[in-house]
Amino acid sequence: MTLLQSSKAAGGPRSVLTDATTIGSVVTTDMLADNATEGRHFIPLSDAGFTFIACMLGFTFVVGSFSNGLCLFVFIRNRRLRSPTNVFVMALNLVDFLMCFTGIPMAMTSAWNHKWIWGDAMCDFEAFLVYFLGMASMYVLMAIAFDRYIAISKPLLGTKITKSIAYVSCAGCYFLGFIWAIPPAFGWNEFGLEGAGISCSVVWENPDPLYMSYIWAIFFFCFIIPLGIMVYSYWGVLATLRNLNKNSVWDMNSRVARKNLAIEKKMFKTAVLIVASYWICWMPYTVVSFISAFIGSEIIPPLFATIPPVIAKCQGIFNPLILVTRHKAFQKAFFATFVVQRKRKQRTDYSMRVIEASSIL
């Protein structure tokens, strides 16, 4: 059998039927007995494989938490950075920070132990948290794409997107992520172990209509619609930029208009890089998950079923790098926050030492 049966239906700890087959491997009776409550190895990995995954997640936990936390600190300390577009970027940084700081540690420690060690309740929590943050990121990226479309293709409407509108939109993105991540906790699908048995997810392979209806719902509302809006928005921006001389929305004879357009172009390129990094990291996991749900996991090689969830969790380390290298205003604010203040502190310390020396003399 390819169906991974949960004990929630059987009234006992989370387990599977004897002789059940996982993605590319067979679950033995001993494995079921040993891991009935803590989880089991869905895909056989060598010690080196578990160590490699643990190191990847550990690196992401340290670097991602630190860099995203640093970016949030810069945004908080510098009010000038809080433009409507940067509010969306700051909301994305917050999600990435939470993903790295809270969404990774359980999978990382389980990888070190070669199995899930946190029990059923924390498996549900980890799956909910990762899905909530992942879908919230996607909706924020959708909002960023639409913001760029309005700013460049409909500049006369750009003033309508105020900071207040941006904050409300970000809250709406978080709410949508929560709305679509919480149903498995209340019976519309459910959470369970995936891949190598070191992280948790929704159940993709159960053909029960109740389970599949949730898969179809998130496929449409959490994948097709956000991706469609992103494609439409960026395609509209590219069409506008290709036809600037024919398009009356930008007065190319005005120096101010040309300067504003140059700024919007730079922000557009930064937004494209942020969106691209998200889809590059999450698309393999998305494809593998929907193939498992709609076609069957038997055609997925074990390696391809194991690595995508890890790559998806590592996405959060890229956005700070993009901001530091591409966002000029952020670079200046970063320099002013850390380098300039450090020099001021050094000068203050030196002045205090001179004053103390003078008083002694």
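Here are some friendly notes on helix packing and empty space in this structure, which is a predicted model.

1. A good place to start is the pair α2 and α3. Helix α2 covers residues 47-77 and helix α3 covers residues 84-103. Their axes come within 8 Å and cross at roughly 150°. Angles over 145 degrees count as roughly antiparallel, so α2 is roughly antiparallel to α3. The crossing of this pair is left-handed.

2. Which residues bring α2 and α3 together? On the α2 side they are T60, F61, G64, S65, N68, G69, C71, L72 and F75. On the α3 side they are N86, V89, M90, N93, L94, D96, F97, C100 and F101. By class, this contact holds 10 nonpolar, seven polar and one charged residue.

3. Helix α3 also packs with α5. The axes of α3 and α5 come within 10 Å, with a crossing angle of roughly 165°. These two helices are therefore roughly antiparallel to each other, and their crossing is left-handed. The residues in the contact of α3 with α5 comprise 15 nonpolar, five polar and four charged.

4. Turning to the empty space, the largest pocket has a volume of about 540 Å³. It is lined by 26 residues, and T85, R148, I263, E264 and M267 are the closest to its centre. If you would like to find this pocket by its helices, look at α3, α5 (119-153), α8 (255-294) and α11 (328-360), the elements that give two or more residues to the lining.

5. How many residues does α8 give to the lining of the largest pocket? The number is seven, and this is the largest share from any element. As for the character of the lining of the largest pocket, it has 11 nonpolar, eight polar and seven charged residues.

6. The second largest pocket holds about 190 Å³ of space. Its lining is made of F88, M142, A143, F146, D147, I161, I165, S169, C173, L176 and I229. Both α5 and α6 (163-181) supply at least two residues of this lining. By class, the lining of the second largest pocket divides into nine nonpolar, one polar and one charged.

7. There are closed spaces to look at too. The count comes to six cavities of 30 Å³ or more. The second largest cavity has a volume of about 230 Å³. Among the 16 residues that line the second largest cavity, Y131, M135, M138, W282 and T286 are the closest to its centre.

8. Which helices surround the second largest cavity with at least two residues each? They are α5, α7 (209-242) and α8. Helix α8 gives the largest share of the lining of this cavity, seven residues. The lining of the second largest cavity has 13 nonpolar and three polar residues, and no charged ones.

9. As you move around the model, a few helices are worth keeping in view. Helix α5 crosses α3, and α5 is also among the elements that line the largest pocket, the second largest pocket and the second largest cavity. Helix α8 gives the largest share of the lining in the largest pocket and likewise in the second largest cavity. Helix α3 meets α2 and is among the elements that line the largest pocket.

Notes:
Residues are numbered from 1 along each chain as its sequence is written. This is a predicted model: local features need pLDDT of at least 70, side-chain atom pairs count only at pLDDT 80 or more; totals for chains, interfaces and linings use all residues. Side-chain values use heavy atoms; hydrogens and water are left out. Axes are lines fitted to C-alpha atoms, for helices over the stretch in contact, and angles run from 0 to 180 degrees between N-to-C directions. Helices (H or I, at least four residues) and strands (E, at least two) are DSSP runs, numbered from the N terminus. Angles under 35 degrees count as roughly parallel, over 145 as roughly antiparallel, 65 to 115 as roughly perpendicular and the rest as oblique. A crossing is left-handed if the near helix is turned anticlockwise from the far one by less than a right angle, and right-handed if clockwise. Contact means heavy atoms within 4.5 Å. Ala, Val, Leu, Ile, Met, Phe, Trp, Tyr, Cys and Pro count as nonpolar, Asp, Glu, Lys and Arg as charged, and the others, Gly among them, as polar. On a 1 Å grid over the protein atoms alone, a cavity is a set of points where a 1.4 Å probe fits but cannot get out, and a pocket is an open set with protein on both sides within 12 Å along at least five of seven lines; lining residues have an atom within 4 Å of a point. Grid points are joined across faces, edges and corners, and a volume is the space filled by probe spheres set on the points.
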